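I opened the notebook to look at how the helices pack. The entries below follow the order in which I looked things up.

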Amino acid sequence: MNLQEIREGLDAVDRQMAELFAQRMKLCAQAARVKAESGKAVYDGAREQETLKSLEDAAEDDFAKRDLEELFSQIMTMSRRMQYR
């Protein structure tokens with residue numbers, strides 16, 4: 001592959017990630033409504049740790065584990081911020 005083809009592949013992956021992020025945020029909005037209706041707190045530390053552990057288990061190596069933890073910690077922070085609105 002040449003650099004242009006690689007960049008086109010990256011652009012396609014980035015678009016898919018943006019679409020998946022939008023889907024995730026819609027689901028988080030639904031979760032916020034359910035939590036509010038049932039009186040549950042937005043933050044569920046055990047659930048977040050469970051999610052991070054699951055992603056860590058799927059990682060290919062230690063570098064990927066750290067990166068996935070950082071990425072999804074940020075995503076979960078953004079999700080919580082949206083749910084508090």
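**Entry 1: α1 against α3**

I began with handedness, and α1 and α3 make a right-handed crossing. I was working from a predicted model. Next I took the geometry of this pair. The axes of α1 and α3 cross at roughly 45° and come within 9 Å. The two helices, α1 and α3, are therefore oblique to each other.

I then listed who meets whom. From α1 the list holds Phe21, Arg24, Met25, Cys28, Ala29, Ala32 and Lys35. From α3 it holds Ile75, Met76, Met78, Ser79, Met82 and Gln83. I sorted the residues of this contact of α1 with α3 by character: nine are nonpolar, two polar and two charged.

**Entry 2: α1 by itself**

I checked the length of α1, which runs over residues 3-38. Its 36 residues should span 52 Å at 1.5 Å a residue, and the end C-alpha atoms of α1 lie 51 Å apart, so the two agree.

Which residues of α1 are buried? I found Met25, Cys28, Ala32 and Lys35. I noted Lys35 in particular, since it also appears in the contact with α3. The cover over the buried residues of α1 includes α3.

**Entry 3: α2 against α3**

I moved to the other pair. Helix α2 covers residues 45-58 and helix α3 covers residues 62-84. Their axes cross at roughly 150° and come within 9 Å. That angle makes α2 roughly antiparallel to α3. The crossing of α2 past α3 is right-handed.

I wrote down both sides of the contact. On α2 they are Glu48, Thr51, Leu52, Leu55 and Glu56. On α3 they are Lys65, Leu68, Glu69, Phe72, Ser73, Met76 and Arg80. By character, the contact of α2 with α3 has five nonpolar, two polar and five charged residues. I marked Met76 of α3, which is in the contact with α2 and also in the contact with α1.

**Entry 4: α3 by itself**

I ran the length check on α3 as well. Its 23 residues reach 33 Å from first C-alpha to last, close to the 33 Å expected at 1.5 Å a residue.

What is buried in α3? My list reads Ile75, Met76, Ser79, Arg80, Met82 and Gln83. What covers these buried residues of α3 includes α1 and α2.

**Entry 5: three residues of α3**

I picked Ser79 of helix α3. Is Ser79 buried or exposed? It counts as buried, because its relative accessibility is 3% and the cut-off for buried is under 20%. Setting aside residues up to four places away in sequence, I found Ser79 touching Arg24, Met25 and Cys28. Those three are also among the α1 residues that meet α3.

I went on to Gln83, again in helix α3. Gln83 is buried too, at 12% relative accessibility. Leaving out neighbours within four places in sequence, Gln83 contacts Cys28, Ala32, Lys35 and Val42. I also took one long-range distance. From Gln83 to Asp14 is 69 residues in sequence and 24 Å in space, C-alpha to C-alpha.

Last came Asp67, also found in helix α3. Where does Asp67 stand on exposure? Its relative accessible area is 35%, so I logged Asp67 as partly exposed. I checked its spacing to Glu56: 11 residues apart in sequence, 9.4 Å apart in space, C-alpha to C-alpha. Glu56 is one of the α2 residues in the contact with α3.

Terms used. Residues numbered from 1 in each chain as written. Predicted model: local features only at pLDDT ≥ 70, side-chain atom pairs only at ≥ 80, totals over all residues. Heavy atoms only, no water. Axes fitted to C-alpha atoms, helices over the stretch in contact; angles between N-to-C directions. Helix = DSSP H or I, 4+ residues; strand = E, 2+ residues; numbered from the N terminus. Parallel < 35°, antiparallel > 145°, perpendicular 65-115°, else oblique. Left-handed = near helix turned anticlockwise from the far one by under 90°. Contact = heavy atoms within 4.5 Å. Nonpolar A, V, L, I, M, F, W, Y, C, P; charged D, E, K, R; others polar. Expected span 1.5 Å × (residues − 1). Buried < 20%, exposed > 50% of the residue type's maximum accessible area, 1.4 Å probe, protein only.
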